[in-house]
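Q: Please take a close look at how the helices pack in this structure, and follow the thread to the strands and the chain contact. I would like the cut-offs behind each term as you go.

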Amino acid sequence: MLQHRKDGTIPARAGVGLKPSHCREIVASKPDIGFFEVHAENYMGGGGPPHRYLTSIREHYPLSLHGVGLSIGADRPLDRGHLARIRLLIDRYQPGLFSEHLAWSTHDAGFLNDLLPVPYTAETLQRVSDHIDQVQEVLGRQMLLENPSTYLAFAESTYVETDFIAEVAKRTGCGLLLDVNNVFVASTNQQWDPFAYIDSYPLAHVQEIHLAGFTREEDEKARPLLIDTHNRPVDRPVWELYAYAIGRLGPVPTLIEWDADVPSWRELHAEAERAEAIMLAVGQQEMRHAAAG
Amino acid sequence: MPRLADRQREFGSALLDPARPLPWGLVGPDGEPSLRRFSVYRNNVVVGLIDALKDAFPAVHRIVGDEFFKGLAHAYVVQEPPASPILLDYGAGFPSFIGKFEPAAVLPYLPDVARIERAWMEAYHAPEAASLDLAGLTALAPDDFIDIGFSLHPSLRIVRSPFPALTIWRMNTGDDEPALVDLASGGEDALIVRPAAEVEVRRMPPGGAEFVEQLAAEASVGEALRAAARCDEEFDLAANLAGLFEAGALTGWRLKAQMTDGKAA
């Protein structure tokens with residue numbers, strides 16, 4: 001059943017990234033789904049169909065707002081104009097969650113349209129924490145920080161990624177968005193153990209999970225190199241890692257991201273239902289354990 | 001150890017310029033430098049922006065083909081990367097860039113087709129406004145009509161072309177089959193506007209583009225009429241005004257002397 005929450009709180013269910021090609025069908029058929037998520041930057045036009053559809057969809061579903069351009073990991077100051085635009089979107093659509101990335105994208109040459117990695121040093125820790133403080137102050141709310149998918153490491157890094165993220169959360173009070181696909185992609189690329197990554201992640205701060213598909217490639221030494229492409233179904237090992245994370249966390253709002261080669265609504269919705277089935281199965285297992293104990 | 005600022009300056013510059021060497025200390029799991037891994041970021045930035053342009057300029061893409069478009073877009077991306085994270089704003093300079101791109105010079109109408117696509121995208125994302133109904137003008141004395149000015153819909157764009165750019169755009173949009181177009185058949189001016197949910201693209205009658213551009217510059221109907229008639233002696237005021245009302249292109253009117261906006265002026 002449709003469980004619309006007027007306050008916009010994101011339920012511990014599965015949702016999907018809202019794609020323009022699905023909007024008409026969603027508005028017409030009102031599918032049973034936990035929530036939708038949109039990229040903030042795609043709604044920074046003055047009006048038009050994107051806002052018309054989002055307004056209509058927001059009337060029936062909780063919404064999560066996901067930024068991709070704030071460049072929190074940049075050394076340079078945050079773009080105050082951009083932060084103000086995010087604030088406007090939050091005021092207008094009242095999303096249950098707002099999240100951004102541990103990444104940077106701003107440069108003298110212009111906006112580098114990717115989520116670029118940061119070295120894990122004391123200097124970066126300070127800069128990222130200052131920026132998150134500023135974001136939370138301007139927005140007047142807590143933000144979630146997402147762990148990155150990375151393809152290389154910085155020789156100067158002095159923190160392991162999970163310690164770095166834990167320290168940011170501790171210093172700023174931000175919440176965390178655990179991207180399980182990014183954990184698997186980064187762990188494969190960096191030759192970490194993805195399950196140990198989950199174990200050492202500051203799980204108490206996690207308020208949302210992301211799942212997506214990746215592409216398999218190799219580097220020049222024939223080592224596996226996974227690319228975070230969001231263009232296919234969630235891969236089998238990512239589902240396994242997700243079940244493991246849910247076992248540790250309990251049910252958490254879980255988003256399917258599928259941003260390129262977007263499938264039919266039906267196929268995308270089925271991915272969300274699969275995530276929900278895993279949450280349900282893990283929950284029932286725990287209930288049985290509790291009953292047996 | 002590089003400072004974060006230096007690190008990011010160098011990283012970003014090397015991303016956009018493949019001739020630059022791999023920056024120091026970007027390594028694989030064995031601690032050794034890996035160009036292949038850095039190239040993932042290079043590729044993500046360039047391919048992501050080329051794809052954004054492909055989405056925003058589908059008719060240009062269809063006219064020149066995928067391979068040519070990638071070359072064209074790549075050259076643009078490197079020369080004019082986006083100034084902001086709002087990618088729906090990206091590509092404003094693309095039509096002019098096409099006009100200066102030597103290999104595209106054999107398609108002289110291509111920049112104007114790109115201008116129509118850019119105008120379409122701007123109209124799509126423009127702020128909302130209620131269109132003016134003809135009935136809203138009934139209170140106006142006929143003698144005053146020539147002295148009023150109109151406010152135009154915020155989504156309205158005009159693209160003037162010495163080529164049949166609108167015909168070419170249309171036949172490369174959606175499912176239409178391209179056919180031969182006589183480039184010497186004369187210029188076409190296009191009106192692009194989104195009064196409600198759908199972007200509408202119409203061909204302007206003779207002098208119509210000049211008339212609307214005058215109105216946009218806050219000329220009165222009389223002033224705009226004179227300019228349009230100078231531009232094209234076939235200019236028909238009644239037909240043009242009717243067309244603008246029908247397109248939902250007008251949002252308000254004012255007596256020029258009063259300069260107060262809205263129907264109740």
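What follows is a walk from one helix outwards.

A: Happy to. This is a predicted model, in which local features need pLDDT of at least 70, side-chain atom pairs count only at pLDDT 80 or more, and totals for chains, interfaces and linings use all residues. Residues are numbered from 1 along each chain as its sequence is written, with chains lettered from A and ligands numbered from 1 in the order in which they are written.

Let's start with α4(A), residues 122–139 (helices are DSSP runs of H or I with at least four residues, strands runs of E with at least two, numbered from the N terminus). On one hand there is helix α3(A), residues 80–93, whose axis comes within 10 Å of that of α4(A), with a crossing of roughly 45°. Axes are lines fitted to C-alpha atoms, for helices over the stretch in contact, and angles run from 0 to 180 degrees between N-to-C directions. The pair α3(A) and α4(A) is therefore oblique (under 35 degrees is roughly parallel, over 145 roughly antiparallel, 65 to 115 roughly perpendicular, the rest oblique). The crossing of α3(A) past α4(A) is right-handed (the near helix is turned clockwise from the far one by less than a right angle; anticlockwise would be left-handed). Leu83(A), Ile86(A), Arg87(A) and Ile90(A) of α3(A) meet Val135(A), Val138(A) and Leu139(A) of α4(A) (contact means C-beta atoms, placed from the backbone, within 7 Å). By class, this contact has six nonpolar residues, no polar and one charged (Ala, Val, Leu, Ile, Met, Phe, Trp, Tyr, Cys and Pro are nonpolar, Asp, Glu, Lys and Arg charged, the others, Gly among them, polar).

On the other hand, α4(A) packs with helix α5(A), residues 161–172: these axes also come within 10 Å, and they cross at roughly 40°. That makes α4(A) and α5(A) oblique to each other as well, and α4(A) passes α5(A) in a right-handed crossing. From α4(A), Leu125(A), Val128(A), Ser129(A), Ile132(A), Asp133(A) and Gln136(A) meet Phe164(A), Glu167(A), Val168(A), Arg171(A) and Thr172(A) of α5(A). The residues here divide into five nonpolar, three polar and three charged.

Chain B offers another angle in helix α8(B), residues 208–216, and helix α9(B), residues 221–231: they pack at about 150° with axes 8 Å apart. The two are therefore roughly antiparallel, and their crossing is right-handed. Glu210(B), Phe211(B), Gln214(B) and Leu215(B) of α8(B) meet Glu223(B), Ala224(B), Ala227(B), Ala228(B) and Cys231(B) of α9(B). Six of the residues in this contact are nonpolar, one is polar and two are charged.

Helices also meet strands. In chain B, β3, β4 and β5 form an open sheet of three strands in the order β3-β4-β5, with antiparallel pairing (two strands pair if DSSP finds at least two bridges between them). Its edge strands, each pairing on one side only, are β3(B) at 157–161 and β5(B) at 200–203. Neighbouring strands are turned by 20° against each other on average, direction ignored. Helix α6(B), residues 110–125, packs on this sheet and touches β3(B), β4(B) and β5(B), its direction making about 175° with that of β3(B). Within the sheet, β4(B), residues 188–193, pairs with β5(B) over four bridges, and Ile192(B) has Val201(B) as its bridge partner.

The same α6(B) also takes us to the chain contact, where 43 residues of chain B are in contact with 42 residues of chain A. Elements giving two or more residues to chain B's side are α1(B), β1(B), α2(B) and α6(B), and α2(B) gives the most, with ten residues. That side divides into 27 nonpolar, nine polar and seven charged residues. A strand pairing spans the chains too: β8(A), residues 153–154, pairs with β1(B) in the antiparallel sense over two bridges, with Phe154(A) facing Leu26(B) as bridge partner.

Back in chain A, a hairpin joins β5(A) to β6(A) through two residues. Strand β5(A), residues 104–107, and β6(A) pair in the antiparallel sense over three bridges, with Leu116(A) as the bridge partner of Trp104(A).

Terms used. Two residues are in contact if their C-beta atoms, placed from the backbone, lie within 7 Å.
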